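Reader: I'd like to go through this model with you and ask what the labels rest on. Could you show it first?

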Amino acid sequence: MGEDFLQDPQIRGWLDGVEPAWTLLTFESLRALRREPSAAQTAIRIANDLSVGEIAASPVARNTLILLRQAIERSGLPLTATANLSRAVVAEMCKLIEWPNYDQADAFRLNKVINEPDFLPLHVVRQLAQAATLVRAQRGKLVATPLGKSMLSEQGSLLAILFHLAFWHMDLGYFGRGLLGSWPQADVGVVLWSLSICANDWQTTEKLTRLCTIPEPAMFSETWDRTPYAMEAKILRPLLWFGLLEHRSEKIPSGRFGEHHFYRKAELFERLLAFDVQVGLSEGARH
């Protein structure tokens with residue numbers, strides 16, 4: 001995957017003069033970033049020694065702890081027949097959960113009753129906590145496991161567990177309604193490294209998409225550019241939920257509706273993620 005790949009006219013048109021950050025990497029480093037992190041694959045290292053304060057800076061981790069405490073204090077949280085939390089529990093959790101860029105009143109405007117999947121923050125946290133075996137269904141209730149209980153006193157590895165699970169084992173396409181299949185999550189390691197050098201300052205979703213992702217032919221099968229929507233839904237917004245990015249928006253002056261979205265790294269990004277890669281050229285932030 002070198003210069004020939006980037007000479008494709010469709011890809012050149014899409015890049016519009018932007019040179020992707022990953023073109024700085026040596027071929028070996030690019031390959032290494034495309035593998036899931038593990039004890040043997042150390043191109044990406046996820047810190048498991050965060051402080052209580054650092055954990056609190058992550059909405060996902062902070063709200064996972066709220067869910068765990070509720071499950072412990074109430075000896076389990078009632079589940080519905082479809083294995084979601086009961087409406088009574090959802091109503092209680094609506095008062096406890098705070099989530100970035102999420103307007104509860106707006107989200108619930110069309111819902112007379114609020115089921116767990118209607119309340120996205122709770123649905124995300126419950127699914128992650130269950131996938132991480134911090135909670136499990138038992139006799140009609142969601143109960144904390146021994147691992148989940150241990151996390152309340154030893155929080156340092158909580159974010160690492162949830163982050164690894166979310167980005168390498170869960171299908172984040174759910175948040176993009178299947179848009180562009182597994183792209184760009186399939187190359188999340190490359191995207192994360194690219195963000196680490198490109199998102200020091202505020203950048204638009206469109207610019208970050210071109211700087212940080214590896215384009216694929218499927219992206220060009222429609223008449224409109226769907227890539228920024230897929231990037232935001234599957235990567236940027238989840239990173240905001242994890243506390244690794246900050247977000248701001250600006251109204252588009254010419255339109256009644258619509259906004260430009262901007263993202264940049266939060267302090268937690270470089271605390272949680274470290275990269276061991278080689279660059280083939282002089283390394284520098286790309287704009």
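Author: Let's start with a term we'll need: two strands pair if DSSP finds at least two bridges between them. Keep in mind that the model is a predicted one.

Reader: What makes β6 and β7 a pair?

Author: Set the count against that cut-off of at least two bridges. β6 and strand β7 (residues 259–265) are joined in the antiparallel sense over seven bridges, so they qualify as a pair. In one of these matches, histidine 247 has tyrosine 263 of β7 as its bridge partner. Helix α13 packs on this sheet, touching β6 and β7, and its direction makes about 115° with that of β6.

Reader: Which strands make up that sheet, and in what order?

Author: The order is β5-β7-β6, an open sheet of three strands with antiparallel pairing. β5 (203–204) and β6 (245–251) are its edge strands, each pairing on one side only.

Reader: In the sheet with the order β2-β4-β3, why are β2 and β3 said to stand at the edges?

Author: That sheet is also open, with three strands and antiparallel pairing. β2 (77–78) and β3 (135–138) each have a single partner strand, so one side of each is left without a neighbour in the sheet.

Reader: How do you know that β2 and β4 count as paired?

Author: Two bridges join β2 to strand β4 (residues 141–144), and the two run antiparallel. The definition asks for at least two, so the pair meets it. Proline 78 has lysine 141 of β4 as its bridge partner. On the β3 side, four bridges link β3 and β4, again antiparallel, and glutamine 138 stands opposite lysine 141. Two residues lie between the strands of this hairpin, where arginine 139 takes a positive phi near 50°.

Reader: Which other residues have a positive phi without being glycine?

Author: Among them are asparagine 101, at about 55°, and arginine 177, near 50°. Asparagine 101 sits in the loop between α6 (87–96) and α7 (104–107), while arginine 177 is in the loop between α10 and α11.

Reader: Why are asparagine 101 and arginine 177 called exposed?

Author: The cut-off for exposed is over 50% relative accessible area. Asparagine 101 has 53%, so it counts as exposed. Arginine 177 has 80%, so the label holds there as well. Proline 184 is in the loop between α10 and α11 too, and the peptide bond leading to it from tryptophan 183 is cis, with omega near -5°.

Reader: Now arginine 226: what makes it buried?

Author: Buried means under 20%. Arginine 226 has a relative accessible area of 10%, so it is buried. Its place is the loop between α12 (205–212) and α13 (227–242). Leaving aside neighbours within four places in sequence, arginine 226 is in contact with Leu179, Leu180, Ala218, Met219 and Ser221.

Reader: And alanine 32, buried or exposed?

Author: With 18% against the cut-off of under 20%, alanine 32 is buried. It lies in helix α3 (residues 27–33). Its C-alpha atom is separated by 8.2 Å from that of threonine 42, ten residues apart along the chain.

Reader: Why are α10 and α11 called oblique to each other?

Author: α10 and helix α11 (residues 188–198) pack at an angle of about 120°, with their axes 10 Å apart. Roughly perpendicular covers 65 to 115 degrees and roughly antiparallel starts over 145, so the two helices are oblique. Phe163, Phe167 and Trp168 of α10 make the contact with Val188, Gly189 and Leu192 of α11.

Reader: Which residues touch the most other members of the largest nonpolar core?

Author: Phe163, Leu195, Phe242 and Leu273 do, out of 92 residues in that core. Helix α10 (residues 158–169) provides the largest share, nine residues. Phenylalanine 242 touches, beyond residues up to four places away in sequence, a list including Ser58, Val60, Leu128, Phe163 and Leu268.

Reader: What confidence does the predictor give the chain?

Author: The mean pLDDT is 92, and 95% of the residues reach 70 or more. Over residues 282–287, though, the pLDDT is below 50, and this stretch has 20 contacts in the model beyond near neighbours in sequence.

Key:
Residues are numbered from 1 along each chain as its sequence is written. This is a predicted model: local features need pLDDT of at least 70, side-chain atom pairs count only at pLDDT 80 or more; totals for chains, interfaces and linings use all residues. Side-chain values use heavy atoms; hydrogens and water are left out. A nonpolar core is a set of buried Ala, Val, Leu, Ile, Met, Phe, Trp, Tyr and Cys residues joined through side-chain atoms within 4.5 Å. Buried means under 20% relative accessible area, exposed over 50%, partly exposed in between (1.4 Å probe, protein chains only). Contact means heavy atoms within 4.5 Å. pLDDT is the predictor's confidence in each residue, from 0 to 100. Axes are lines fitted to C-alpha atoms, for helices over the stretch in contact, and angles run from 0 to 180 degrees between N-to-C directions. Angles under 35 degrees count as roughly parallel, over 145 as roughly antiparallel, 65 to 115 as roughly perpendicular and the rest as oblique.
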